[in-house]
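Please look over the sequence and the 3D structure shown here before reading on. The report that follows takes up the chain as a whole, then its disulfide, and then the packing of some of its helices.

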Amino acid sequence: MSQLFPPARTRGFLRATAAAVALSSVLLTTGCGSSDEGGGDAKATAAAPTGFPVTVDNCGVKTTYDRPPSRVVTVHQHPAELVLALGLKDRLVGTAFPDSAVLPELRKDYEAIPELAKKEPSFEEILDAEPDLVYGGYGSAFAENEGRSRKAFADAGIDTYLNREYCGKKQVTMKDTYDEIRTIGKIFGVPDRADQLVADLEGHVGKAAAEVEGEGEVSVFVYDSGDKSAFTAGGKSLGTELIRLAGGENVFADLDDVFGDVSWEQVVERRPEVIALYDYAGAGSVEEKKKFLLSRPALADVPAVRNKRFVVLPLTATLVGIRSAYAVEDLARGLHPESFR
């Protein structure tokens with residue numbers, strides 16, 4: 001089994017295969033693809049648009065935007081989907097690292113945008129797209145050892161923004177998701193669209209949480225990948241928050257990181273009742289993961305394995321972005337199926 005799953009790695013190299021999520025109503029009401037809010041092409045006028053300048057402190061990098069970005073490159077899937085969900089397809093000039101199945105509502109717009117690379121593009125490939133902003137999803141978007149540091153982009157006159165999950169200071173919660181959406185909306189001069197999107201997502205989370213209110217917590221082990229050890233979601237991950245909102249408890253919430261390795265002996269000791277399988281390309285299929293877990297004699301008495309209780313989540317649904325709100329209901333249904341009958 002040593003070759004079935006890739007070795008543990010930083011979250012920046014995770015790749016997701018995501019299920020489609022119903023966001024049609026949000027996209028319709030936010031005017032997907034229009035440019036009536038924020039002034040269209042920011043370079044079309046010399047006067048600063050209403051609400052600008054905007055100053056944002058992102059992971060310790062302070063940036064002042066005199067006008068909305070007009071040429072944006074996104075590195076990783078979830079930033080691209082967030083930008084598109086805010087109706088800003090006219091601002092995107094390049095995407096990279098298509099790590100999941102694009103949401104049906106966004107697929108046409110996404111496919112119309114040039115793809116710069118299958119994984120993280122080089123610094124030169126990004127420069128060729130002539131962006132005024134690079135928006136990265138994982139920390140690896142700005143890997144210094146690959147020449148893509150935020151300072152390197154700043155020296156080239158290009159602003160950068162990193163998904164707040166990788167600021168690395170605290171546990172990530174749904175508030176961070178909402179704040180991310182609002183911050184991106186503010187940068188692009190479309191705060192009303194951002195507020196409307198947040199309100200919709202908050203409604204989905206509240207509805208799912210209400211269904212399991214009063215139910216006992218179910219212990220959950222997140223299995224991302226790994227065979228000699230288990231690569232799992234730690235206490236700083238948004239996944240831990242999603243499990244809590246769904247009426248569960250991450251058995252490795254005490255792991256002080258977004259993701260990390262734990263031993264199989266620790267998994268056995270913590271006796272999870274449910275295993276959440278993160279589904280994404282490059283780490284074995286869901287069926288392969290189930291087969292692997294069910295075949296390990298040491299795990300035979302773990303309640304989740306003994307009872308074959310698995311919940312499948314696309315990795316992209318567990319990230320700070322537009323899909324995480326819907327993951328709460330998927331988890332809640334898997335942890336408390338009796339509440340949804």
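## Burial and surface

In this predicted model, 55% of the 341 residues of the protein chain count as buried. The surface that the protein chain exposes comes to about 14100 Å², and carbon and sulfur atoms supply 49% of that area.

## Elements and contacts

The protein chain contains twelve helices and 13 strands. When contacts in the protein chain with a separation of 6 or more are considered, 71% of them are accounted for by residues that stand 24 or more positions apart.

## The disulfide

The structure holds one disulfide, and it is formed by Cys59 and Cys167, whose sulfur atoms lie 1.9 Å apart. As for where these residues sit, Cys59 belongs to the loop between strand 1 (54-58) and strand 2 (61-65), while Cys167 belongs to the loop between strand 7 (159-162) and helix 6 (174-187), so the pair ties together parts that are 108 residues apart in sequence. In general, a disulfide is a covalent bond between the sulfur atoms of two cysteines.

The torsion about the S-S bond of Cys59 and Cys167 is about -75°, and the disulfide is therefore left-handed. Are the two cysteines buried, partly exposed or exposed? Cys59 has a relative accessible area of 26%, which makes it partly exposed, and Cys167, at 27% relative accessibility, also counts as partly exposed.

## Helix 6 against helix 7

Helix 6 and helix 7 pack with their axes 7 Å apart and at an angle of about 160°, so helix 6 is roughly antiparallel to helix 7. On the side of helix 6, the contact is made by Met174, Tyr178, Ile181, Arg182 and Gly185, and on the side of helix 7 the residues include Pro191, Ala194, Asp195, Leu197 and Val198. The crossing in which helix 6 passes helix 7 is right-handed.

## Helix 7 against helix 12

How do helix 7 and helix 12 lie relative to each other, parallel or antiparallel? The axes of helix 7 (residues 191-211) and helix 12 (residues 324-335) come within 8 Å and cross at roughly 15°, and the two helices are therefore roughly parallel to each other. Helix 7 passes helix 12 in a left-handed crossing, and the contact is made by Asp200, Leu201, His204, Val205 and Ala208 of helix 7 together with Ala325, Tyr326, Val328 and Glu329 of helix 12.

Leu201 and Val205 of helix 7 take part in the contact with helix 12, and they are also among the helix 7 residues that make the contact with helix 6.

Terms used. Residues are numbered from 1 along each chain as its sequence is written. This is a predicted model: local features need pLDDT of at least 70, side-chain atom pairs count only at pLDDT 80 or more; totals for chains, interfaces and linings use all residues. Side-chain values use heavy atoms; hydrogens and water are left out. A disulfide is a pair of cysteine sulfur atoms within 2.5 Å. Helices (H or I, at least four residues) and strands (E, at least two) are DSSP runs, numbered from the N terminus. Buried means under 20% relative accessible area, exposed over 50%, partly exposed in between (1.4 Å probe, protein chains only). Contact means heavy atoms within 4.5 Å. Accessible areas come from the Shrake-Rupley method with a 1.4 Å probe; for residues, only the protein chains shown count as cover. Axes are lines fitted to C-alpha atoms, for helices over the stretch in contact, and angles run from 0 to 180 degrees between N-to-C directions. Angles under 35 degrees count as roughly parallel, over 145 as roughly antiparallel, 65 to 115 as roughly perpendicular and the rest as oblique. A crossing is left-handed if the near helix is turned anticlockwise from the far one by less than a right angle, and right-handed if clockwise.
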